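Reader: I am new to this structure. Could you show it to me and take some questions?

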Amino acid sequence: MEKTPSYFVTREAPARISAMSRDIKLIVVVRDPVTWAISDYTQTLSKKPDIPSFESVTFKNRTTGLIDTSWSAVQIGIYAKHLDNWLQLGQILFVSGERLIADLAGELGRVQDFLGLKRIITDKHFYFNQTKGFPCLKKAEGSSKPHCLGKTKGRTHPNINPQVVQRLRDFYRPFNMKFYQVTRRMIVWDDRKVPIFYVHVCSETLQDCRRWKLVALVRPKPQ
Ligand SMILES: Nc1ncnc2c1ncn2[C@@H]1O[C@H](COP(=O)(O)OS(=O)(=O)O)[C@@H](OP(=O)(O)O)[C@H]1O
């Protein structure tokens with residue numbers, strides 16, 4: 001198994017993978033592109049504490065709100081743009097990064113099905129570690145002790161100016177919509193102040209899926 005986010009945006013990668021093996025199965029984990037950009041920035045910041053602020057690398061022009069799409073953290077999150085290259089390869093599964101945290105066993109169930117494996121990994125293998133804020137293994141392989149991912153996974157993100165976040169959300173919205181349509185995956189990254197949950201109907205064929213519709217809109221009561 002091999003992984004890196006940059007494969008997804010490397011033009012030559014699909015053809016190279018296809019030449020390596022026609023039977024390869026690809027798993028792409030996607031998360032809200034705004035959170036992804038902040039996460040990527042946080043990772044760089046941890047190695048180079050002197051880098052410019054998130055705000056200054058996000059915009060080409062702060063006054064006009066023009067986003068710098070040449071910045072890799074912004075570029076990678078335009079998932080729809082990179083999709084066409086990959087879909088021709090066939091066996092590809094999109095996994096929600098958010099669901100890997102909220103419902104790890106459920107999402108891993110999909111992964112096991114996709115890989116043609118028996119569903120051996122279930123929720124009995126995990127617990128939610130409140131300190132870490134993430135699911136962790138109850139027992140690590142070859143050990144009887146619990147195991148969480150290391151310190152570099154799940155770092156605290158810096159506070160970003162809400163206006164900057166909103167501008168990025170507006171920027172990504174059309175690309176996200178295309179991504180939902182093409183992948184037929186019900187991943188909806190909330191871009192409103194009040195959480196809104198969408199339920200979409202999507203049939204097996206892509207054509208029908210393009211006619212997906214909003215069937216429920218639930219607005220949680222204010223606390
Ligand atoms: N169980 C569990 N424990 C810790 N972290 C978890 C977990 N599940 C998902 N995540 C999220 O994984 C994010 C890092 O993913 P990756 O390591 O694949 O990203 S990368 O390859 O380093 O870019 C990492 O992103 P950050 O929160 O920005 O650090 C986490 O949000």
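Reader: What area does the protein chain expose, and what share do carbon and sulfur atoms supply?

Author: This is a predicted model, where local features need pLDDT of at least 70, side-chain atom pairs count only at pLDDT 80 or more, and totals for chains, interfaces and linings use all residues. Residues are numbered from 1 along each chain as its sequence is written, and side-chain values use heavy atoms, with hydrogens and water left out. Areas follow the Shrake-Rupley method with a 1.4 Å probe, and for residues only the protein chains shown count as cover. The protein chain exposes about 14800 Å², and the share from carbon and sulfur atoms is 55%.

Reader: How many helices and strands are there in the protein chain?

Author: Both are DSSP runs numbered from the N terminus: helices are H or I with at least four residues, strands are E with at least two. In the protein chain, the count is 10 helices and 8 strands.

Reader: What percentage of the residues in the protein chain is buried?

Author: Buried means under 20% relative accessible area, exposed means over 50%, and partly exposed lies in between (1.4 Å probe, protein chains only). The protein chain has 223 residues, and the buried ones make up 34%.

Reader: Which element gives the most to the largest nonpolar core?

Author: Such a core is a set of buried Ala, Val, Leu, Ile, Met, Phe, Trp, Tyr and Cys residues joined through side-chain atoms within 4.5 Å. The largest one holds 34 residues, and those touching the most other members are F54, V74, W86, L168, Y172 and F179. Elements giving two or more residues to this core include α2 (13-20), α6 (79-87) and α9 (162-183). With 8 residues, the top giver is α9.

Reader: Which residues does Y172 touch, leaving out those up to four places away in sequence?

Author: Contact means heavy atoms within 4.5 Å. Beyond four places in sequence, Y172 touches P33, V34, A73, V74, G77 and I78.

Reader: Which elements do the buried residues of α8 pack against?

Author: Helix α8 spans residues 104-114, and its buried residues are L104, A105, E107, G109, V111, Q112 and F114. Just after α8, G116 takes a positive phi of about 75°. The packing partners of the buried α8 residues are β1 (26-30), β4 (92-96), α7 (97-102), β5 (126-129) and β6 (134-137).

Reader: Which residues come nearest to the ligand?

Author: A residue is near a molecule if one of its heavy atoms lies within 4 Å of it. There are 13 residues around the ligand, and the nearest are S39, P135, K153, G154 and H157.

Reader: How much of the area of the ligand does the protein bury?

Author: A polar side-chain atom of K153 lies 2.3 Å from an oxygen atom of the ligand, and a backbone N or O atom of P135 lies 2.9 Å from a ligand nitrogen. A backbone N or O atom of G154 sits 2.8 Å from a ligand oxygen. Taken alone the ligand exposes 640 Å², and the part buried by the protein is 78%.

Reader: Is P49 buried or exposed?

Author: P49 sits in the loop between α3 and α4 (54-58). Because its relative accessibility is 61%, P49 counts as exposed.

Reader: Which residue's backbone oxygen does the side chain of T44 reach?

Author: T44 is found in helix α3. Its relative accessible area is 30%, so T44 is partly exposed. At 3.0 Å, the T44 side chain reaches the backbone oxygen of D40.

Technical notes
Polar contact = N/O pair within 3.5 Å; in protein donor to acceptor, adjacent residues only side chain to side chain.
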